[in-house]
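User: Please take me through the salt bridges here, slowly, with the surroundings of each pair. I'd like one connected account rather than a list.

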Amino acid sequence: MIKSRPLYRPFTLDVSGRAHLVVTDQPELPEMVDLPSVDLEIFTVQTVSSEIEAPVDGNRRAFHAVVDLLAHLPRRLANDKIGLRIYAIGTEAFVWDVHNIARAAGLGSAEIHLTHAGSLRRRVYCAHCKTMSEDVTDNIVLCPGCGASLLVRDHFSRRLAAFMGVKVDAEIPGEIPAAESLYQ
Amino acid sequence: MKLRIEAISVLSPTIRRFILAADDGAPLPVAGAGAHVMVSLPGETRSWRNAYSVVSGPGMRDHYEIVVRRSQQSRGGSAFLHERAVAGDRLEVGLPQNFFAPSRIAGRHLLLSGGIGITPFLSYIRTLHTPFELHHCCKREDTPAFAGLLPSGATNIVLHTNREELNFRTLLAAQKLDTHLYCCGPEDFMNDAFGAARHLGWPEAKIHRESFGGVVSGAFFTVHLKKSGLTVQVRQEETLLDALEAAGLEPPSLCRGGACGECELPVLAGIPAHHDHYLSDSRRAKNDAIMTCVSRAHTSELVLDF
């Protein structure tokens with residue numbers, strides 16, 4: 001385990017908070033989330049293909065795409081009052097995107113709780129041309145920016161919410177090992 | 001460093017402003033927003049070291065300006081400045097220290113002060129480039145003195161002469177997510193503000209307190225010092241640190257306000273009454289250390305490894 005690799009905790013309510021906002025990139029909160037009996041506001045992502053249900057109550061809001069949720073979040077936080085705790089549950093790229101939006105809105109690390117749930121797929125940052133590749137499940141990926149075959153490292157950038165990818169055949173050009181599907 | 005009292009102005013019967021400068025007019029070390037200096041003041045039987053916020057702006061290097069309230073239970077420090085100090089006197093002044101600097105990542109600042117606790121914020125309001133709101137609470141008779149220290153006509157600066165008027169709950173509940181809270185004033189004023197803040201879910205990292213000068217008085221107790229073999233009595237109105245110094249010892253100290261942790265001494269027996277903001281709850285529970293500048297004793301005697 002390398003130091004840049006974040007550790008995640010299971011969802012638990014931070015009782016020091018006055019209000020709680022739970023956001024997930026999934027249609028429903030994962031089963032592991034044992035919802036406490038306090039007022040929570042919940043944002044989920046229900047893509048068009050998933051069954052669209054009416055909100056369970058006024059505190060639930062379903063977005064049609066992760067980008068919609070992430071675009072709404074800064075506007076929502078700009079009007080919020082201190083005492084809020086935000087909980088992000090989902091893939092690593094998603095929870096760190098939420099983290100960075102929350103930090104920009106003025107929340108501190110003690111007010112943000114991240115839980116990794118669902119797929120292990122990674123966002124990969126090309127160390128050569130800075131292009132991001134989303135939803136990478138193999139340990140070697142072709143960079144859509146510069147065409148290099150990138151080895152997906154465990155080195156994680158919280159700022160970019162991405163893993164670092166470096167040219168796998170930098171030493172001997174053309175020698176590219178077979179990719180393994182490690183991040184399902 | 002030795003600084004000369006250049007000028008004294010009487011702001012109210014209990015509040016005076018002092019201008020301190022070097023004899024040769026040499027530039028003084030920069031004091032950032034919220035910084036204080038320790039000033040050594042001669043007393044009847046011994047000298048006292050008191051912390052005073054530097055209220056002149058951080059750009060001012062030709063002089064330091066301090067505002068001093070005469071403490072009703074003055075041990076000698078503020079009484080000296082009010083009754084005996086005259087322009088031309090030289091005082092020993094330490095380098096500026098800062099345990100109360102404004103947060104650089106805060107988007108907004110909410111400043112709450114009570115009485116003479118306004119002083120660190122006088123440098124804040126000259127420095128802050130991000131939006132702030134200052135609420136100051138004082139006695140009605142002190143209003144002209146404080147109003148004179150503050151810019152007039154600023155809508156984000158509010159003077160309150162009645163504690164009821166300043167509702168901490170309402171004020172703290174209305175703050176945006178990027179606000180940091182700063183509080184300086186009497187102990188009960190700060191406890192009320194921080195109690196309300198915690199109840200409303202303010203995280204510790206956004207709560208900043210300045211508390212030097214709040215001399216914690218309490219019951220008389222006796223300290224036995226193992227290494228030096230001395231026994232020292234701590235009177236009701238003096239601190240343990242002051243009592244150790246009066247006994248001719250040179251215990252470690254820095255902020256003298258329970259913030260920095262420099263004055264920590266090991267406790268071998270007895271139960272300390274912790275008044276500092278340095279020790280964690282788990283360290284406090286062990287009762288094996290004491291911050292001599294503010295803490296006292298629950299037992300009539302303490303044994304310290306000093």
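Analyst:
**A close look at the salt bridges**

Let's start with E134(A), which is partly exposed at a relative accessible area of 46%. One caveat up front: this is a predicted model. The partner of E134(A) is R123(A), and the closest N and O atoms of this salt bridge are 2.9 Å apart. The pair links distant parts of the chain, with E134(A) in strand β7 (residues 132–136) of chain A and R123(A) in strand β6, 11 residues apart. R123(A) has a relative accessible area of 10%. Buried means under 20%, so R123(A) falls in that class, while E134(A) at 46% stays below the 50% mark for exposed and is therefore called partly exposed.

Strand β6 (residues 122–126) also holds R122(A). R122(A) forms a salt bridge with D154(A), and here the closest N and O atoms are 2.9 Å apart. D154(A) lies in strand β9 (residues 149–157), so to speak across the sequence from R122(A), as the two are 32 residues apart and link distant parts of the chain. What about burial? R122(A) is buried, with a relative accessible area of 5%, whereas D154(A) is partly exposed at 38%.

Over in chain B, E187(B) pairs with R209(B), with 3.8 Å between the closest N and O atoms. E187(B) lies in helix α5 (residues 187–199) and R209(B) in strand β11 (residues 207–210), so this salt bridge ties together parts that are 22 residues apart in sequence. E187(B) counts as partly exposed at 37% relative accessibility, and R209(B) is partly exposed too, at 23%. Chain B also has a network of salt bridges, joining R4(B), E6(B), D23(B) and R90(B). Searching the whole structure turns up 24 salt bridges over all chains.

Now for the boundary between the chains. How many salt bridges cross the interface of chain A and chain B? The rule finds one. It runs from E111(A) to K206(B), where the closest N and O atoms are 2.8 Å apart. Six residue pairs are in polar contact between the two chains. On the chain A side, α1 (66–78) and β4 (84–90) each supply at least two of the residues that touch chain B. Sorted by class, that side has six nonpolar, six polar and five charged residues. In contact terms, 17 residues of chain A meet 14 residues of chain B. The two chains bury about 1200 Å² between them, and 60% of that is on carbon and sulfur atoms.

To put the chain A pairs in context, chain A has two helices and 10 strands. From the N terminus, the order is β-β-β-α-β-α-β-β-β-β-β-β. The C-alpha atoms of chain A fill a box of roughly 60 × 35 × 30 Å along the principal axes. Of the 184 residues in chain A, 46% are buried; R122(A) and R123(A) are among the buried ones. Among contacts in chain A with a separation of 6 or more, 58% involve residues 24 or more positions apart. As for the outside, the accessible surface of chain A comes to about 9700 Å², 53% of it belonging to carbon and sulfur atoms.

Technical notes. Residues numbered from 1 in each chain as written. Chains lettered and ligands numbered in written order. Predicted model: local features only at pLDDT ≥ 70, side-chain atom pairs only at ≥ 80, totals over all residues. Heavy atoms only, no water. Contact = heavy atoms within 4.5 Å. Buried area = accessible area lost by both parts, 1.4 Å probe. Salt bridge = Lys/Arg side-chain N within 4 Å of Asp/Glu carboxyl O. Polar contact = N/O pair within 3.5 Å; in protein donor to acceptor, adjacent residues only side chain to side chain. Helix = DSSP H or I, 4+ residues; strand = E, 2+ residues; numbered from the N terminus. Nonpolar A, V, L, I, M, F, W, Y, C, P; charged D, E, K, R; others polar. Buried < 20%, exposed > 50% of the residue type's maximum accessible area, 1.4 Å probe, protein only. Areas by Shrake-Rupley, 256 points an atom, 1.4 Å probe, with all protein chains shown as cover.
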